Amino acid sequence: MAAPPTPRTPTRTDRPVLEARGIRRAFPGVLALDGVDLRLFPGEVHALMGENGAGKSTLIKVLTGVHPPDAGTVTVDGADRRFSEPLEAQHAGISTVYQEVNLCPNLSVAENILIGREPRRLGLVHWSALHRRAERLITELELDLDVRAPLSAHSIAVQQLVAIVRAVDVRAKVLVLDEPTSSLDRDEVAQLFTLVRRLRDRGVAILFVTHFLDQVFDLCDRVTVLRNGRLEGEYRIDELTPVTLVHRMVGGELRSLDALAETSQSGTATDHPADVPFLSARGLGRTGSVEPYDLDIHRGEVIGLAGLLGSGRTEAVRLLFGADHADEGELRIDGEHTVLRSPRTAIAHKIAFCSENRKAEGLIGELTVRENIVLALQAARGWTRPLSRARQDEIAARWIEVLDIRPAAPEAQVRNLSGGNQQKVLLARWLLTDPDLLILDEPTRGIDIGAKTEIQRLVTRLAAEGTAVLYISAELDEVLRLSHRVGVLRDRRLVATLPNDTTLTPDRILGAIATGATS
């Protein structure tokens, strides 16, 4: 990690551009915020930190007009404001860029920047003026983009930059960045940070929400920490270390970096040369998705998959769950030739898959925690053999306790839970099926250090009990910490499967990703 920067003195008088005082917000059965304060000054990057469920997302929604506060005040430039919708907050100078970019990929870069504010002549869009204005904004922020190109031609990182340019064009005084780096690689993060620093130097107050500790220390001037819906404290970044920041976030129950180290599997893999793998793929591939690959997975073994976004990690495992159909190669389960025609077939063979897109492909937000947990088990039984309500209640109560799902409310709608607790609900669903192979695609992305620790410990325990685990993560340290072997993907090809011994390092994996070579 780079040395913490010297905190800048915000370009301000003593008055914050935005100040929230005593913010309280409750939902049925949940007190999300209880007397929270926040100050944002012009010309600073301010981190908002806390475990999943600490209240970060709710606070952002209060500040941006999605939810009105039940109590407390929000002031902008010293004037009290109460926003009834996000457009009012935007008119007051508060713009938000969310983790999932909310733009139109079928439109051009210029159209996305100026959508809804297109210059017009005689009632029609004045295209040359639109392009000139977009180019001026791009040039002012020292970016190099073709504003006429379709947004879909660009990476997620560039789309994030376009979303920020759009936010700045609506005269933002405050820019809220909600997990903007969760899907970006290192170079893309550096590009984003360059733009953020330019905006900071122009006097914009930036609220930066992230779960990456190193990014907080690389970029931010101050940090506000929330815990269990309450304000834990506000700090200059040079007053903290990563360890003390984790302490502030989790309180007395330190499930921190030291706890994560305890989960390490490196060098402990069991040799299986004479065993029949639980699953064996030979030449398995799908045209246009992933090149044919070979992979063996034994019971009690954690196989990590590493590679850049778009390298084919998810595409490779979807073939092992029947979510996509292989058009070449062979799959064997316990030595028997098997064709996975659908996810239901995979479930029948005791394979479980937690998708990285838990909202679109995993959880059903309108259903309760209880209903989401029992979903896979009920599907495996068939809808003609429904689980009784008493049995559902028993199952939900058990897994809520085992995985420490918060709040412990089985009838809460799952969409109202934090990201980390949603991930636990999804894990509970699949663990309930007692899988022989558990496929986890980015299970800790966007969740806090405490929930991450619990999930990684769970993976270690499952492997020790004989479950095979296929683990995908963009965080190489996480892959190395948990895996017995690491598969490396590059350009939709599995280029190497490396034993996790003392010679395997993040640099060696990055070298394989970059070149396709393993030495």
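This is a short tour of two sheets and one helix pair in a predicted model.

**Stop 1: the sheet with S6 and S12**

Begin with the open sheet of 6 strands whose order is S6-S9-S10-S3-S11-S12. Its pairing is mixed. Select strand S6 (94–97) and S12: these stand at the edges, each with a single partner strand, so one side of each has no neighbour in the sheet. On average, neighbouring strands here are turned by 20° against each other, direction ignored.

Stay with S6 and add strand S9 (residues 174–178). The two pair in the parallel sense, over 4 bridges. Pick Val97 and you will find that Leu177 in S9 is its bridge partner.

Now show the helices on this sheet. Helix H5 (residues 156–169) lies across S6 and S9 and runs at about 170° to S6. Helix H6 (residues 186–201) lies across strand S3 (45–49), S9 and strand S10 (205–209), at about 145° to S10.

**Stop 2: the hairpin of S11 and S12**

Move to the other edge and select residues 222–227 (S11) and 230–236 (S12). These strands run antiparallel and are joined by 6 bridges. Leu226 stands opposite Leu231 in S12. Which residue of the hairpin takes a positive phi? Select Asn228: its phi is near 55°, in a hairpin with 2 residues between the strands.

**Stop 3: the sheet with S18 and S22**

Next, select the other sheet. This open sheet has 6 strands in the order S18-S19-S20-S15-S21-S22, with mixed pairing. Strand S18 (351–354) and strand S22 (493–499) are the edge strands, each pairing on one side only. From one strand to the next, the twist averages 15°.

Select S18 with strand S19 (residues 437–441): they pair in the parallel sense over 4 bridges. Within this pair, Cys354 stands opposite Leu440 in S19.

Add helix H16 (residues 449–464), which packs on the sheet and touches strand S15 (302–306), S19 and strand S20 (468–472). The direction of H16 makes about 150° with that of S20. Helix H18 (residues 506–515) also packs on the sheet, touching S15, strand S21 (485–490) and S22, and its direction makes about 30° with that of S21.

**Stop 4: helices H13 and H14**

Finally, select helix H13 (residues 369–381) and helix H14 (residues 389–402). Their axes are 9 Å apart and meet at an angle of about 100°, so the helices are roughly perpendicular to each other. To see the contact, show side chains including Ile373 and Leu377 of H13, and Ile395 and Trp399 of H14. By class, this contact has 8 nonpolar, 1 polar and 3 charged residues.

Terms used. Residues are numbered from 1 along each chain as its sequence is written. This is a predicted model: local features need pLDDT of at least 70, side-chain atom pairs count only at pLDDT 80 or more; totals for chains, interfaces and linings use all residues. Side-chain values use heavy atoms; hydrogens and water are left out. Two strands pair if DSSP finds at least two bridges between them. Axes are lines fitted to C-alpha atoms, for helices over the stretch in contact, and angles run from 0 to 180 degrees between N-to-C directions. Angles under 35 degrees count as roughly parallel, over 145 as roughly antiparallel, 65 to 115 as roughly perpendicular and the rest as oblique. Contact means heavy atoms within 4.5 Å. Ala, Val, Leu, Ile, Met, Phe, Trp, Tyr, Cys and Pro count as nonpolar, Asp, Glu, Lys and Arg as charged, and the others, Gly among them, as polar.
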